[in-house]
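Dear colleague,

Please find below the structure that I am handing over to you. My findings follow directly after it.

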Amino acid sequence: MSHPRYAGSVVASEIGAMARCQYLGEISGSSGLSGFFALKGADDIRQELLRRADVQGATHVVWDRPDAGYTSTTVVAKTYRCPPVQEKP
C-alpha cells in the first residue's frame, strides 16, 4: 500500500546552506525493498522522513546517500530549523 506524497513545508537542501540554521538531529528509516526496488524503497523512506522532520519542527533536511543492501534500503537525514528568509523592500 502506497502512502501519499509528502505535501508539507520541509524542504531538502545542501549542507552548505545550513550555516545559519539550528541543527536538530538525525533521523533514519529502512525499507524491505532492495536490489532492483531500492530506488522505490529510498523514495518511500524519504517521504516518511519528511513527515517525521515536520513533526520535529524542522524546516530543512539534508539527505545522506541511501544505503541499499541485499535485504533492505536505509536513508538517513540531518534535520535543521532555519530562520525565515526576510524579503528585501
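In this predicted model, the count of disulfides comes to one. The bond joins Cys21 and Cys82, whose sulfur atoms are 2.0 Å apart. The torsion about this S-S bond is about 105°, so the disulfide is right-handed. Cys21 is located in the loop between strand S1 (11-12) and strand S2 (22-31), and Cys82 in the segment after strand S5 (73-81); the pair therefore ties together parts that are 61 residues apart in sequence. Both Cys21 and Cys82 are buried.

As for the nonpolar residues, the largest core has 12 of them, including Tyr6, Val10, Ile27, Leu49, Val61 and Ala77. Helix H1 (38-56) and strand S5 each supply at least two residues of this core, and H1 gives the most, with five residues. Ala77, one of the core residues, is in contact with Gly25, Glu26, Ile27, Leu49, Val61, Val62 and Trp63, when its neighbours within four places in sequence are left aside. Apart from the largest core lies another one, of five residues; among them are Met18, Cys21, Val62 and Tyr80. Cys21 thus belongs to this second core and also takes part in the disulfide.

Two points concern the aromatic rings. The count of aromatic pairs comes to one. In addition, Arg46 lies over the face of Trp63, at 5.7 Å from the ring centre. Trp63 is also among the residues in contact with Ala77.

Yours sincerely

Terms used. Residues are numbered from 1 along each chain as its sequence is written. This is a predicted model: local features need pLDDT of at least 70, side-chain atom pairs count only at pLDDT 80 or more; totals for chains, interfaces and linings use all residues. Side-chain values use heavy atoms; hydrogens and water are left out. Rings of Phe, Tyr and Trp (its six-membered ring) pair if their centres lie within 6.5 Å; planes under 30 degrees apart count as stacked, over 60 as edge-to-face and the rest as tilted. A charge sits over a ring if NZ of Lys or CZ of Arg is within 6 Å of the ring centre and within 35 degrees of the ring normal. A disulfide is a pair of cysteine sulfur atoms within 2.5 Å. Helices (H or I, at least four residues) and strands (E, at least two) are DSSP runs, numbered from the N terminus. Buried means under 20% relative accessible area, exposed over 50%, partly exposed in between (1.4 Å probe, protein chains only). A nonpolar core is a set of buried Ala, Val, Leu, Ile, Met, Phe, Trp, Tyr and Cys residues joined through side-chain atoms within 4.5 Å. Contact means heavy atoms within 4.5 Å.
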